Amino acid sequence: MSRLSGLGAVITLLLACDIASGQPIDLEAQVRKLAASSPGTLGVRIVHVESGAGVSLNQAEWFPMMSVYKLPIAIHALRQAEQGKLDLARSIKVTSEDRRPGLSPLARQIAEKGPVSLTVRELISSVMRISDNTASDALLKAAGGPKAVSATLGELGIHGVDVSRYELEFAADYHGVCCLEQMRPFSLERFIEAVERVPPETRRKAAHAFVTDRRDSAQPDGMADLLVRLTRGELLNAEHTRWLLDEMAEMHTRDTRIRAGLPPGTRASLRPGTSGETGGIRAAHNDNGVIVLPGNRGHLVIAAFMKNARGTEEKRDAALAEVARAAYRWAIERR
């Protein structure tokens, strides 16, 4: 039995025991209890989409999004397509200079085989299913850049979600790497060498400053609002709404977070985000999702962010899984 399937069985058993006890869950109290034992600062917004009922904790505080920010970029690109401003079938050539640090199978493919051409739709799929950083910056460039995404968020009336930089730019800021403009033509190998040359104290200060930087950060309230409105079909047309949520449902890179807190087989469309780790502290450890509830109970949105997270990867993941477990139980008990 895999670690994940074993954990899923435990979650199912715990849920069954909780429900059988007949004791209604006080979700707000449970979330506060989980936050008190969390390895970092936890920010949560939980919403039952159809009723609007929900619970929040530190919902107005700002948290670095990391790859969570790829969702508003994808929504912006799809809206541009709906408005005839961006052709989803347009082919984008991605070269060695476009390779980005962090998770990127596309960067490895380019390094091994040379430039790759992908359609805009394929870039979105790569971003949503795999969270590929190279695909993300290529998509953002094709869609007009951060200012264009910010303009779309403003037009939609979505507050508390900021998109200001490319992946490469905030990676440089996090690691304390200066002067990207001098790395031309850009080389991923040169960037990695530059990161390795950053003195430990400089890197520590840069990572600390990154957590308090409002750029490319979000409030749990803002991200939950975006997810609720996406689920309701208020941001995209019906076809693109279904397709985007389907793509998000194929995200399995971080199954040990929200998905691990749900019964096996539960449909969850996810958008996680994870920073690097400096001095034993992770600036961001996030997961966000739209969960389909059983028995026509509707949809559950969870926006869960953690910053300044210490401890092991397992403890960080478990904290988010426990939030999901409590939220799921609360949602299925609703009348």
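**Exercise 1. Where does serine 67 lie, between which strand and which helix?**

Start with the chain order. Keep in mind that this is a predicted model. Serine 67 sits in the loop that runs between strand 3 (63-64) and helix 3.

Next, check how much of it is open to solvent. The relative accessible area of serine 67 is 12%, and the cut-off for buried is under 20%, so serine 67 counts as buried.

Now look at what surrounds it. Skipping residues up to four places away in sequence, serine 67 touches Ser131, Asn133, Glu167, Arg271, Pro272, Gly273 and Thr274. Its side chain also makes a polar contact of 2.9 Å with the side chain of lysine 70.

Finish with a long-range pair. Serine 67 and serine 275 are 208 residues apart in sequence, yet their C-alpha atoms are 8.5 Å apart in space.

**Exercise 2. Find which residues of the largest nonpolar core touch the most other members.**

Take the core as a whole to begin with: it has 63 residues. Ranked by contacts with other members, Leu71, Ile124, Met223 and Leu244 come out on top. Helix 3 (residues 70-82) gives the most to this core, namely seven residues.

Then zoom in on methionine 223. Leaving aside neighbours within four places in sequence, methionine 223 is in contact with Met65, Val68, Val161, Asn288, Ala303 and Phe305.

Don't stop at one core, though. There's a second, separate one of 31 residues, and Val31, Val55, Ala304 and Tyr328 are among its members.

**Exercise 3. Work out which residues of helix 5 and helix 12 are buried, and what covers them.**

Helix 5 (residues 120-130) goes first. Its buried residues are Val120, Leu123, Ile124, Ser125, Ser126, Val127 and Met128. The cover over them includes helix 3, strand 4 (91-94), strand 5 (116-119), helix 6 (133-142) and helix 12 (238-249). Just past the end of helix 5, serine 131 has a positive phi of about 65°.

Helix 12 is next. Here His240, Thr241, Trp243, Leu244, Leu245, Glu247, Met248 and Ala249 are buried. Their cover includes helix 3, helix 5, helix 11 (220-231), strand 7 (268-270) and strand 10 (281-292).

Now a geometry check on helix 12. With 12 residues at 1.5 Å a residue, the expected span is 16 Å, and the end C-alpha atoms are 17 Å apart, which agrees. At the N-terminal end, asparagine 237 acts as the cap, with a side-chain oxygen 3.2 Å from the backbone nitrogen of glutamate 239.

**Exercise 4. Explain why strand 1 is largely enclosed, and identify the strands it pairs with.**

Count the buried residues: seven of the eight in strand 1 (residues 41-48) are buried, so the rest of the structure largely encloses this strand.

Then go through the pairings:

- With strand 11 (residues 299-309), strand 1 pairs in the antiparallel sense over eight bridges; leucine 42 has methionine 306 as its bridge partner there.
- With strand 2 (residues 54-57), the sense is also antiparallel, over four bridges; arginine 45 has serine 56 as its bridge partner.

Lastly, inspect the turn. Strand 1 and strand 2 form a hairpin with five residues between them, and glycine 52 in that turn has a positive phi of about 85°.

**Exercise 5. How many disulfides does a search of the whole structure find?**

The search turns up one. It joins cysteine 178 to cysteine 179, with an S to S distance of 2.3 Å. At 45° about the S-S bond, the link is right-handed.

Are the two cysteines buried or exposed? Cysteine 178 is exposed at 55% relative accessible area, while cysteine 179 is partly exposed at 26%.

Technical notes:
Residues numbered from 1 in each chain as written. Predicted model: local features only at pLDDT ≥ 70, side-chain atom pairs only at ≥ 80, totals over all residues. Heavy atoms only, no water. Core = buried A, V, L, I, M, F, W, Y, C linked by side-chain atoms within 4.5 Å. Buried < 20%, exposed > 50% of the residue type's maximum accessible area, 1.4 Å probe, protein only. Helix = DSSP H or I, 4+ residues; strand = E, 2+ residues; numbered from the N terminus. Contact = heavy atoms within 4.5 Å. Polar contact = N/O pair within 3.5 Å; in protein donor to acceptor, adjacent residues only side chain to side chain. Disulfide = S-S within 2.5 Å. Expected span 1.5 Å × (residues − 1). Pairing = 2+ DSSP bridges.
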